[in-house]
Amino acid sequence: MSFVPHIALPALFAALLFSACNTDPAPADTPAESRPLPSQTGTAPAEAPPGMVWIPGGTFTMGSEDQTAHEVEGPAHGVKVQGFWMDKTEVTNAQYRAFVEATGYVTVAERPVDWEQLKTQLPPGTPKPPEENLQPGSLVFTPPDYPVPLNNMANWWSWTTGANWRHPRGPGSSIEGKDDYPVVHIAFEDAKAYAEWAGKRLPTEAEWEFASRGGNPNQPFAWGDELVPDGQYLANFFQGHFPHENWGKDGYTGAAPVKTFPPNDYGLYDMIGNVWEWTTDWYRPDTYRRRSKDDIVVNPSGPYESFDPQDPYNPKRVTKGGSFLCSTEYCSNYRPSARMATAFDSGQEHLGFRCVRDGNAR
Ligand SMILES: [Ca+2]
Ligand SMILES: [Ca+2]
């Protein structure tokens with residue numbers, strides 16, 4: 001499968017306001033990997049932190065060369081990660097509210113768009129958009145009711161002034177009664193700020209993928225070989241014709257409360273589907289090709305810097321797991337090895353996160 005959708009706020013912003021970004025050749029070669037994480041004990045303290053489970057660590061095959069995988073998921077290669085604690089669920093609205101109430105934190109989507117920052121992420125010479133397009137906001141899924149070409153995300157994403165974690169569908173929407181839904185419209189720095197406040201950190205891509213497999217290596221899906229075994233939906237993704245016919249056969253056309261679907265074998269919920277989750281790795285499509293296929297890579301933490309040839313000015317982190325918008329007809333990113341390039345300042349209706357904690361930190 002060759003089509004890899006790239007969902008990025010400024011890139012889409014540019015597509016909506018101006019024209020498609022151009023592409024440049026890859027920058028001069030850089031070291032393949034940034035500094036590995038410091039080695040942890042890899043052993044579980046006796047008592048689990050609230051809401052977390054111990055991920056025992058180990059060696060696994062990261063990435064995939066399966067026919068369902070995108071090119072950026074390969075080559076599959078050996079990786080070892082140390083043990084760590086991980087949140088059982090995506091961070092919820094109630095959890096994020098507690099952070100905001102304690103700190104007064106204001107998320108990226110609640111701040112006016114900083115044109116001086118944004119223009120560094122766009123092709124040189126891009127004109128400044130009207131002020132009304134620089135007001136606080138985020139990306140909301142606004143599908144048409146008819147089929148559209150799948151090569152233009154602007155057909156189903158809308159920059160929506162007033163959309164943020166408190167108003168996931170924009171002004172007039174709210175999270176009242178949705179305390180146990182995953183918080184969304186969270187940019188990378190918003191997730192990082194929460195993690196630091198909570199005494200945790202965000203996972204690396206390798207930690208996230210190891211955990212998502214639930215100790216069951218080399219399967220295309222976290223739970224086995226079939227997307228819907230015996231007709232049972234084991235994650236919240238998109239059934240129907242993307243993006244205009246969302247059948248919700250799994251019970252949800254949008255996000256679901258955390259823990260709605262069964263956990264994986266580590267006791268982690270919604271690693272696959274529901275909302276995308278941030279990792280700390282910078283994105284490059286060639287990350288795996290730059291790793292040795294013969295040696296085990298220990299605690300990889302991603303490349304030194306981001307590079308997305310489809311959007312070369314826009315720094316991106318890897319997000320994982322897919323969301324309620326992942327469709328068989330479109331991205332099929334409801335697999336542990338799937339990886340998305342997401343602009344560091346991007347908030348989206350289907351993007352959240354969860355945290356990890358080192359084994360020797362309490
Ligand atoms: Ca669904
Ligand atoms: Ca998820």
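The points below comment on a predicted model of a single chain, beginning with confidence and ending with backbone irregularities.

1. Confidence. The chain has a mean pLDDT of 89, and 87% of its residues reach 70 or more. Residues 1-11 fall below 50, yet the model gives this stretch 38 contacts beyond near neighbours in sequence. Residues 14-30 also stay under 50, with 24 contacts beyond four places in sequence.

2. The E2-E3-E10 sheet. Three strands make up an open sheet, ordered E2-E3-E10, with mixed pairing. Its edges are E2 and E10 (residues 297-298), each of which pairs on one side only. Between E3 and E10 there are two bridges, and the sense is parallel. Val79 faces Val297 of E10 across this pairing. Helix H5 packs on the sheet and touches E2 and E3; the direction of H5 makes about 95 degrees with that of E3.

3. Helix H5. How much of H5 is buried? Eight of its eight residues are, so the helix is largely enclosed by the rest of the structure. The residues concerned are Glu205, Ala206, Glu207, Trp208, Glu209, Phe210, Ala211 and Ser212. The list includes the acidic residues Glu205, Glu207 and Glu209. After H5 comes Gly214, with a positive phi near 60 degrees.

4. Strands E11 and E12. E12 covers residues 339-343, and five of its five residues are buried. Neither face is left open: Arg339, Ala341 and Ala343 are buried on one side, and Met340 and Thr342 are buried on the other. E12 runs antiparallel to E11 (residues 316-320), and five bridges join the two strands. One bridge pairs Lys316 with Ala343 of E12. Ala343 is also among the buried residues of E12.

5. Cis peptide bonds. Most peptide bonds are trans. Two cis bonds deserve a look when the backbone is checked. One joins Gly74 and Pro75, with omega about 0 degrees. Pro75 sits in the loop that runs from strand E2 (58-62) to strand E3 (77-81), and E2 and E3 belong to the sheet of point 2. The other joins Phe242 and Pro243, with omega about -5 degrees. Pro243 is in the loop between strand E7 (240-241) and strand E8 (245-246).

6. Positive phi outside glycine. Most residues other than glycine have a negative phi. Asp230 has a positive phi of about 50 degrees although it is not a glycine, and its place is the loop between helix H5 (205-212) and E7. Asn274 likewise is not a glycine and has a positive phi, of about 70 degrees; Asn274 is found in the loop between E8 and strand E9 (276-282).

7. Surroundings of those two residues. Is Asp230 buried or exposed? Asp230 is exposed, because 5 other C-beta atoms lie within 10 Å and the cut-off for exposed is 12 or fewer. Which class does Asn274 fall into? Asn274 is buried, because 32 other C-beta atoms lie within 10 Å and buried requires 20 or more. The two positive phi values thus occur in contrasting settings, with Asp230 exposed and Asn274 buried.

Key: Residues numbered from 1 in each chain as written. Chains lettered and ligands numbered in written order. Predicted model: local features only at pLDDT ≥ 70, side-chain atom pairs only at ≥ 80, totals over all residues. pLDDT = per-residue confidence, 0-100. Contact = placed C-beta atoms within 7 Å. Helix = DSSP H or I, 4+ residues; strand = E, 2+ residues; numbered from the N terminus. Pairing = 2+ DSSP bridges. Axes fitted to C-alpha atoms, helices over the stretch in contact; angles between N-to-C directions.
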